[in-house]
Structure formats: structure tokens, C-alpha cells
Amino acid sequence: MKFLLASATLLAIFAVLILADSNQWGRRVPGDRLLNRTTVVNNSLPIPIKTAVVQYLPPPGVRPPNVTYIVARDNVKNPGQGGLAALISGGINQTHATVKLSSRPSLGFNFTVEIYGR
């Protein structure tokens, strides 16, 4: 069972690195509301790989909503020229989420990250 889980995880990682520029986690259903929308552009620094972190934390003093859907939309139109997105903390059925954005070597990135919940 552990071998199957490890194999599936590695396959998913390779699929993300090779095929996907935009990523999504969870499912948006009627009744969900937009909790956070952030656009991140990084083209300026002459370093090999650029990174950024988008973090959603609920406002203090209110009952925090559960995150139901996260989409990191790559706004670069050329396939393979945009960045990569990874959910590194929190996420679906949690009250917070952290998404790490990174560029491909020697390129920039332009992402819009939307987080929905209820």
C-alpha cells in the first residue's frame, strides 16, 4: 500500500512539472464565495528561478470559513513558458492556505491565485 501511494505521489509530481502551468485543488460548488484573489508577477530579477508565496489567513475575530477550492491560474499564454504552483500548507477543508509559485529556469511568471470557501 505504501509503495502504491509513493508511486502515485511521484507520478503526480512529474505530471505537474511536465504538463501543468495552472493548478487547481478542490471543487467549486454553488454557495462558495471568493475569500482571496491575488495576482503575482515576477519578471524583473535576473536570477535562475524566481519564487513567491501567496498565503491566505482568515481575518481574526470571525468564524473562519473552510477553503473549498483553490486555483492558481497561469496568465502566460505560451505553454511551458509560465511558472509552477504548489500547495505547501493548509488547503481544502482547512481554514488557511499557502501556495508557492516558482518560475521555470531563467523565465518569469504571472499568476492569479483565487481561494474560495464557505
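**Exercise 1.** About how much area does the chain expose, and what share of it do carbon and sulfur atoms supply?

Solution. The model is predicted, with local features needing pLDDT of at least 70 and side-chain atom pairs counting only at pLDDT 80 or more, whereas totals for chains, interfaces and linings use all residues. Residues are numbered from 1 along each chain as its sequence is written, and side-chain values use heavy atoms, without hydrogens and water. Accessible area is taken from the Shrake-Rupley method with a 1.4 Å probe. The chain exposes about 7400 Å². Carbon and sulfur atoms supply 60% of that area.

**Exercise 2.** State the order of the elements.

Solution. Helices (H or I, at least four residues) and strands (E, at least two) are DSSP runs, numbered from the N terminus. There are 1 helix and 7 strands in the chain. From the N terminus, the order is α-β-β-β-β-β-β-β.

**Exercise 3.** Find the aromatic pairs and say where the rings lie.

Solution. Rings of Phe, Tyr and Trp (its six-membered ring) pair if their centres lie within 6.5 Å; planes under 30 degrees apart are stacked, over 60 edge-to-face, and the rest tilted. The structure holds 2 such pairs.

Step 1. Y69 and Y116 form a tilted pair, 5.9 Å centre to centre with 40° between the planes. Y69 belongs to strand β4 (residues 67-74) and Y116 to strand β7 (residues 109-117), so this pair ties together parts 47 residues apart in sequence. Both Y69 and Y116 are buried (under 20% relative accessible area, 1.4 Å probe, protein chains only).

Step 2. F109 and F111 also form a tilted pair, at 6.0 Å and 55°. F109 and F111 are both buried.

Notes. Buried < 20%, exposed > 50% of the residue type's maximum accessible area, 1.4 Å probe, protein only.
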